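Open the model in a viewer and keep the sequence panel in sight. The stops below each give a selection and then say what is found there.

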Amino acid sequence: MKKGFTLIEILVVVSLIGILLSFALPAYQGYLERSYRAEAISMLTAAAVCQERHRASAGSYDTTRCNSMADNKHYQLLIEPEGENSSPGFTLIASPLVNRKSDYCGSLILDQSGLRSISGADKNRWKCWSGR
């Protein structure tokens, strides 16, 4: 009696692995995108806290500061209006460095009043800001 696997058995195992990967890979990519978004939210929050700290001491926002919070590999931080030493408000924008088809949020936007918005087509911005 010969020991080993038949060609049919090997094909069944390979096809099962392929089917499992077809479900697992998109879910994994979704988890990665959500973790990148969570990092961007953390970056925006840190920059907003920095701006509020400056306003508490100087009486206005300084959009030339707080750019050191932009240490992120997946999102770029923009502070508007650019280059203002004495601004009555600010808008922070975290733009993805790589546009992905599956990223329905686009850029994450936070202003001095705490208003959160997105540039993407999704109507449910809470999905983008809640990490889901």
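A disulfide is taken here as a pair of cysteine sulfur atoms within 2.5 Å. In this predicted model, Cys105 and Cys128 meet that definition, with their sulfur atoms 1.8 Å apart.

**Stop 1: the whole chain**

Show the chain as a cartoon. The secondary structure comes to two helices and four strands, and from the N terminus on the elements run α-β-β-β-β-α. Turn the view along the principal axes: the C-alpha trace spans about 85 × 30 × 20 Å. The radius of gyration is 22 Å, where a compact globule of 132 residues would have one near 14 Å.

Now switch to a surface. The chain exposes about 9000 Å², and carbon and sulfur atoms supply 59% of that area. Of the 132 residues, 31% count as buried. Colouring by charge picks out 15 positive and 12 negative charges, whose mean positions lie 11 Å apart. If you display contacts between residues at least 6 apart in sequence, 38% of them join residues at least 24 apart.

**Stop 2: Cys105 and Cys128**

Go back to the cartoon and select Cys105 and Cys128 as sticks. The torsion about their S-S bond is about -95°, so this disulfide is left-handed. Cys105 sits in the loop between β2 (91-96) and β3 (108-111), while Cys128 belongs to helix α2 (residues 125-130); the pair links distant parts of the chain, 23 residues apart. Are these two cysteines buried or exposed? Both Cys105 and Cys128 are buried.

**Stop 3: Cys50 and Cys66**

How many disulfides does a search of the whole structure find? The search finds two. For the other bond, select Cys50 and Cys66, whose sulfur atoms are 2.0 Å apart. The S-S torsion of Cys50 and Cys66 is about -85°, so this disulfide is left-handed. Cys50 lies in helix α1 (residues 7-58) and Cys66 in the loop between α1 and β1 (75-80), so the bond ties together parts that are 16 residues apart in sequence. Cys50 and Cys66 are each buried. Counting the bonded cysteines along the chain, the disulfide pattern is 1-2, 3-4.

**Stop 4: Ala46**

Keep helix α1 in view and select Ala46, which is part of this helix. Ala46 counts as partly exposed because its relative accessibility is 29%, and the partly exposed class runs between 20% and 50%. Add Ser68 and draw a distance between the C-alpha atoms: Ala46 and Ser68 are 22 residues apart along the chain and separated by 9.8 Å.

**Stop 5: Ser60**

Follow the chain to Ser60, in the loop between α1 and β1. Ser60 has 13% relative accessibility and therefore counts as buried, the cut-off being under 20%. Which residues does Ser60 touch, leaving aside those up to four places away in sequence? They are His54, Arg55, Asn85, Ser86 and Ser87.

**Stop 6: Ile79**

Next select Ile79 in strand β1. This residue is buried, at a relative accessible area of 5%. Beyond residues up to four places away in sequence, Ile79 touches Gln51, Thr63, Arg65, Cys66, Asn67, Thr91 and Leu92. Cys66 in that list is the disulfide partner of Cys50. For a longer view, draw a line from Ile79 to Ser130: the two are 51 residues apart in sequence and 22 Å apart in space, C-alpha to C-alpha.

**Stop 7: the peptide bond at Pro81**

Move along to Glu80 and Pro81 and show the backbone atoms. A cis peptide bond joins Glu80 and Pro81, with omega at about -5°. Most peptide bonds are trans. Pro81 is placed in the loop between β1 and β2.

**Stop 8: Leu92**

Finish at Leu92, in strand β2. Leu92 is buried, with a relative accessible area of 0%. Show its contacts, again without residues up to four places away in sequence: they include Leu44, Ala47 and Ala48, then Leu77, Leu78 and Ile79, and also Leu108, Ile109 and Leu110. How far apart are the C-alpha atoms of Leu92 and Gln112, which are 20 residues apart along the chain? The separation of Leu92 and Gln112 is 8.5 Å.

Notes
Residues numbered from 1 in each chain as written. Predicted model: local features only at pLDDT ≥ 70, side-chain atom pairs only at ≥ 80, totals over all residues. Heavy atoms only, no water. Buried < 20%, exposed > 50% of the residue type's maximum accessible area, 1.4 Å probe, protein only. Rg over C-alpha atoms; globule rule 2.2 N^0.38 Å. Contact = heavy atoms within 4.5 Å. Areas by Shrake-Rupley, 256 points an atom, 1.4 Å probe, with all protein chains shown as cover. Lys, Arg positive; Asp, Glu negative; His and termini not counted. Charge placed at Lys NZ, Arg CZ, Asp CG, Glu CD.
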